[in-house]
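Work through the following exercises with the sequence and the coordinates open. Each task is followed by a solution in steps.

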Amino acid sequence: MPKIEIDVDRCKGCGYCVEACPQDILELAETFNKMGYHPVECVNPDKCTGCTFCALVCPDLAITVYK
C-alpha cells in the first residue's frame, strides 16, 4: 500500500499538490507550521494510488511517496 509522508515544516502551503492529486486526498490544514503556513495534509491515505504527482509538483520537496 502506498504511503505519503509530508514534512509539514518544509511545506509553504502553495497547494500545487492538492491540485495535482487525482484522488483528491490532500488539503491544506487549518493549523500552522513553524513558518506560519498552512501545510498540506493527507485526509484519506487509504485512497492513495502512489502516483507521485504530489511529490513531483512540490517546489519545496516536502512530500515523499513510498510504494
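Leu56 is exposed, with 65% relative accessibility; exposed means over 50% relative accessible area, buried under 20%, and partly exposed in between (1.4 Å probe, protein chains only). The model is predicted, so local features need pLDDT of at least 70 and side-chain atom pairs count only at pLDDT 80 or more, while totals for chains, interfaces and linings use all residues. Residues are numbered from 1 along each chain as its sequence is written, and side-chain values use heavy atoms, with hydrogens and water left out.

**Exercise 1. Place Leu56 and state its distance to Cys17 in sequence and in space.**

Step 1. Leu56 belongs to helix H2. Helices (H or I, at least four residues) and strands (E, at least two) are DSSP runs, numbered from the N terminus.

Step 2. Between Leu56 and Cys17 the separation is 39 residues in sequence, and 8.3 Å in space from C-alpha to C-alpha.

**Exercise 2. Describe the surroundings of Lys47.**

Step 1. The loop between strand S3 (40-42) and H2 contains Lys47.

Step 2. With a relative accessible area of 42%, Lys47 is partly exposed.

Step 3. Not counting residues up to four places away in sequence, Lys47 touches Gln23 and Ile25; contact means heavy atoms within 4.5 Å.

Step 4. Lys47 and Met1 are separated by 46 residues in sequence, and their C-alpha atoms are 9.5 Å apart.

**Exercise 3. Determine how many disulfides the structure holds, and check Cys51 and Cys58.**

Step 1. A disulfide is a covalent bond between the sulfur atoms of two cysteines. The criterion used here is a pair of cysteine sulfur atoms within 2.5 Å.

Step 2. For Cys51, the closest cysteine sulfur is that of Cys21 at 6.0 Å, which is too far for a bond. Cys51 is partly exposed at 28% relative accessible area.

Step 3. For Cys58, the closest cysteine sulfur is in Cys14, and the 6.1 Å between them is again too far for a bond. Cys58 is buried, at 12% relative accessible area.

Step 4. The count for the structure is 0 disulfides.

**Exercise 4. Count the salt bridges and locate the partners.**

Step 1. Side chains of opposite charge can pair when their charged atoms come close. A salt bridge is taken as a side-chain nitrogen of Lys or Arg within 4 Å of a carboxyl oxygen of Asp or Glu.

Step 2. The rule yields 1 salt bridge. It joins the side chains of Asp60 and Lys12, at 3.2 Å from N to O.

Step 3. Asp60 sits in the loop between helix H2 (53-57) and strand S4 (63-66), and Lys12 in the loop between strand S1 (3-6) and helix H1 (16-20), so the pair ties together parts that are 48 residues apart in sequence.

Step 4. Asp60 is buried at 15% relative accessible area, whereas Lys12 is partly exposed at 42%.

Step 5. Leaving aside neighbours within four places in sequence, Asp60 is in contact with Arg10 and Lys12.

**Exercise 5. Find the cavities of 30 Å³ or more and describe their linings.**

Step 1. On a 1 Å grid over the protein atoms alone, a cavity is a set of points where a 1.4 Å probe fits but cannot get out, and lining residues have an atom within 4 Å of a point. Grid points are joined across faces, edges and corners, and a volume is the space filled by probe spheres set on the points.

Step 2. The search of the whole structure returns 2 cavities of this kind.

Step 3. The largest cavity has a volume of about 80 Å³. Its lining has 13 residues, with Ile4, Cys21, Cys48, Cys51 and Cys54 nearest the centre.

Step 4. The lining of the largest cavity divides into 9 nonpolar, 4 polar and no charged residues. Here Ala, Val, Leu, Ile, Met, Phe, Trp, Tyr, Cys and Pro count as nonpolar, Asp, Glu, Lys and Arg as charged, and the others, Gly among them, as polar.

Step 5. The second largest cavity has a volume of about 70 Å³. Of its 13 lining residues, Cys11, Cys14, Cys17, Val40 and Cys58 are closest to the centre. This lining comprises 9 nonpolar, 2 polar and 2 charged residues.

**Exercise 6. State the phi of Asp24 and of Leu61, and place both residues.**

Step 1. Most residues other than glycine have a negative phi.

Step 2. Asp24 has a positive phi of about 55° although it is not a glycine. Asp24 lies in the loop between H1 and strand S2 (26-28) and is exposed at 61% relative accessibility.

Step 3. Leu61, also not a glycine, has a positive phi of about 55°. Leu61 is found in the loop between H2 and S4 and is exposed, at 61% relative accessibility.

Definitions and conventions: On a 1 Å grid over the protein atoms alone, a cavity is a set of points where a 1.4 Å probe fits but cannot get out, and a pocket is an open set with protein on both sides within 12 Å along at least five of seven lines; lining residues have an atom within 4 Å of a point.
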